[in-house]
Amino acid sequence: MEYRIEDLARTAGVAVDTVRFYQGRGLLPPPRREGRVTWYGDVHLERLQRIRALQQRGFTLAVIRRFLEGELEPSDEALVAAVTTSVAPDDETLSLDDLAARSGIPTAVLSALEQAQILVPVGASATGARQFRASDVTALSAGMRLLEAGIPLQDLLSLASDHARNVSITARRAVELFDHHVRERLQGEGSGLDVSARMMQLFDEMLDASAFLVEHNFRRALMRAAREHVEGDIADAATTTG
């Protein structure tokens with residue numbers, strides 16, 4: 001069946017401008033032209049319905065494009081939804097001022113953490129105010145204990161930035177390994193809900209295992225660095241005394 005753009009928009013339940021917008025972004029294939037008249041078919045209707053369904057799951061147009069172009073499989077939807085949702089359903093969000101009140105940390109300090117990309121907003125409210133995870137309060141409290149111990153803020157920010165940068169590199173590598181060795185393998189073995197569920201299970205396991213390994217290895221590396229620092233100081237003292 002063929003449609004004029006107005007009929008297509010009405011059947012799909014979207015505005016005519018929305019159809020034109022998607023077409024301009026390359027999310028819809030070109031219509032058939034007959035002189036000055038453009039005709040759309042069932043493939044366009046199905047594509048619009050698919051876009052709407054993916055948007056309702058909270059996916060961005062960039063992610064939707066990857067689904068439409070076949071770079072992401074339908075079995076990826078649950079995993080993509082899990083990793084692209086900014087805030088978990090049970091994780092409250094707070095404005096910067098509310099976060100300051102909840103954590104007891106001055107807004108100026110939080111702003112400095114945000115500028116250093118250590119404190120990252122997860123979205124904005126209806127009024128445009130940046131929103132942060134309420135769960136960040138626990139991490140901020142840990143940072144405050146270091147400040148109270150006497151570590152200068154700028155030094156702490158520098159340390160945190162270095163750590164975040166290195167962790168980000170490791171995390172990206174871990175995701176690439178999961179994508180190649182787990183996701184692609186599972187999708188090569190089959191498709192559908194079973195693959196999607198198995199992929200989610202393994203991704204959750206990777207998160208838990210990675211979090212444990214990062215904490216375990218950092219704690220061990222920290223203790224080793226402290227021991228070497230102490231042993232170095234002792235050796236320096238012995239040399240000076242000698």
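Tutor: Before we start on charge, a definition: Lys and Arg count as positive and Asp and Glu as negative, while His and the chain ends are left out. Each charge is placed at NZ of Lys, CZ of Arg, CG of Asp or CD of Glu.

Student: So how far apart are the mean positions of the positive and negative charges here?

Tutor: They are 6 Å apart, for 27 positive and 35 negative charges. Keep in mind that this is a predicted model, where local features need pLDDT of at least 70, side-chain atom pairs count only at pLDDT 80 or more, and totals for chains, interfaces and linings use all residues. Residues are numbered from 1 along each chain as its sequence is written, and side-chain values use heavy atoms, without hydrogens and water.

Student: What radius of gyration does the protein have?

Tutor: That radius is taken over C-alpha atoms, and the globule rule is 2.2 Å times the number of residues to the power 0.38. A compact globule of 242 residues would come out near 18 Å, but this protein has 26 Å. Its C-alpha atoms fill a box of roughly 95 × 45 × 35 Å along the principal axes.

Student: And which residues touch the most other members of the largest nonpolar core?

Tutor: In soluble globular proteins, nonpolar side chains tend to be buried together. A nonpolar core is a set of buried (under 20% relative accessible area, 1.4 Å probe, protein chains only) Ala, Val, Leu, Ile, Met, Phe, Trp, Tyr and Cys residues joined through side-chain atoms within 4.5 Å. Here the largest has 24 residues, and Val19, Leu48 and Phe59 touch the most other members. Its largest share, 5 residues, comes from H4.

Key. Buried < 20%, exposed > 50% of the residue type's maximum accessible area, 1.4 Å probe, protein only. Helix = DSSP H or I, 4+ residues; strand = E, 2+ residues; numbered from the N terminus.
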